[in-house]
Amino acid sequence: MAQSANQISTRAVILKTTDFGDTDRYLTLLSPDLGLIEVLAKGVRSLKGKRRQPSDFLTLADFELFYYRGRYRLNQSRLVYAFLPLRLDLVRLACAAHLAELIGDLTTDTEQAAAVYELFLRFCYALEKNQQSPLLYVHAAEIRLMQLAGFGPDWQHCIYCQHLLAPSEGARFSFPQMGLLCASHAGGKASLLQRKLPQAGRERLQPGSYDGQSLTAADLRALRYFSEAPLPALFNFQADTAVKTDLDQFLPAYLSWNLDKQYHHLDMLDKLDLSSFNDSQ
Ligand SMILES: [Zn+2]
């Protein structure tokens, strides 16, 4: 980031666009230096003229911004990479939009901005390479993002007895308690839940509600990898269909219990036939 008076230059990716007026647009940028910022981009949607600039969702560009009284305004943007293959594919575009929404919901403090920025770009490149189901990339990015935002649970120990889970051991994840329970403590006894449960979790725990999920040793290996792997290697993994099926069920519940929100960008994937995606592709 270069800065002189009120001029700021930064590379950033566009996470969201909101059109207004005839040719104007608000951009939500994710910058490694500035975190998430809103930028007013006047005239960028005009069909011709010098104000027309790269300003679409997912565009990676070098931005020159004018900063005044807490607001950013776009001076100029120069395209670095447009992620065209992603933007032309409905499924992968929905995956990118989902992650962008999640990043927008997790207030990114500037300390984590560089890591979140790197995570998002690596996620988009992985989606673009398209070597396995896009949803697995989504799950890896979701888990790492939650970890970076401070939501990451302990994927190694039973939260009740602190027993270190063996690599071959499965466990039950309790949503109200946001942690793993070993086989001895996964019985779901009311006394156990009452003792460890924060008030908010107790209120949401309706009888018969979806309050936990059994995870296999392979599921836990994947979750540990997603939360700990170095970012450059994060998306270099293989996961089998059983793990994908479990995580497809686990992640939406995990997100909604943590963030009290349902995410809908991925709903369309249920309606499309994704059976053609598998490990061999
Ligand atoms: Zn235990």
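Is Ile8 buried or exposed? The exercises below begin with this residue.

The model is predicted: local features require pLDDT of at least 70, side-chain atom pairs count only at pLDDT 80 or more, and totals for chains, interfaces and linings use all residues. Residues are numbered from 1 along each chain as its sequence is written, and side-chain values use heavy atoms, with hydrogens and water left out.

**Exercise 1. Determine the burial state and the place of Ile8.**

Solution. Buried means under 20% relative accessible area, exposed over 50%, and partly exposed in between (1.4 Å probe, protein chains only). Ile8 has 3% relative accessibility and therefore counts as buried. Ile8 belongs to strand S2 (residues 7-20); helices (H or I, at least four residues) and strands (E, at least two) are DSSP runs, numbered from the N terminus. Ile8 and Phe66 are separated by 58 residues in sequence, yet their C-alpha atoms are 6.3 Å apart in space.

**Exercise 2. Identify the strands paired with S2.**

Solution. Two strands pair if DSSP finds at least two bridges between them. S2 runs antiparallel to strand S5 (residues 60-68), with 7 bridges joining them, and Thr10 stands opposite Phe63 in S5. S2 is also joined by 7 bridges to strand S3 (residues 24-31), again in an antiparallel arrangement; here Thr17 stands opposite Leu27. The hairpin of S2 and S3 has 3 residues between the strands, and Gly21 in this hairpin takes a positive phi near 60°.

**Exercise 3. Locate the largest nonpolar core with respect to the domains.**

Solution. A nonpolar core is a set of buried Ala, Val, Leu, Ile, Met, Phe, Trp, Tyr and Cys residues joined through side-chain atoms within 4.5 Å. The largest such core has 70 residues, and Phe120, Phe123, Phe235, Phe250 and Tyr254 have the most contacts inside it. Elements giving two or more residues to this core include S2, helix H3 (110-129) and helix H8 (241-259). Domain 1 (2-82) and domain 2 (84-273) both contribute residues, so the core lies between them; the domain bounds come from an automatic or database domain assignment. Not counting residues up to four places away in sequence, Phe120 touches residues including Val13, Leu15, Leu99 and Ile103, where contact means heavy atoms within 4.5 Å.

**Exercise 4. Characterise the site of the zinc ion.**

Solution. Donors are N, O and S atoms within 2.8 Å of the metal (3.2 Å for Na, K and Ca); water is not among the atoms, so sites may look incomplete. The protein donors are Cys158 (SG), Cys161 (SG), Cys182 (SG) and His185 (ND1), lying 2.1 to 2.4 Å from the zinc ion. Their spacing along the chain is C-x2-C-x20-C-x2-H. Four donors count as tetrahedral if all angles lie between 85 and 135 degrees. The angles among the 4 donor atoms are 100 to 120°, and the site is tetrahedral. Cys158 is buried, with a relative accessible area of 0%, whereas Cys161 is partly exposed at 32%.

**Exercise 5. Contrast the surroundings of Arg69 and Phe83.**

Solution. Most residues other than glycine have a negative phi. Arg69 has a positive phi of about 50° although it is not a glycine, and Phe83 likewise has a positive phi of about 50°. Arg69 lies in the loop between S5 and strand S6 (71-81) and is exposed, at 71% relative accessibility. Phe83 lies in the loop between S6 and helix H1 (84-87) and is buried, at 0%.

Key: Four donors count as tetrahedral if all angles lie between 85 and 135 degrees; four count as square planar and six as octahedral if opposite donors are over 155 degrees apart and all others between 65 and 115; anything else is irregular.
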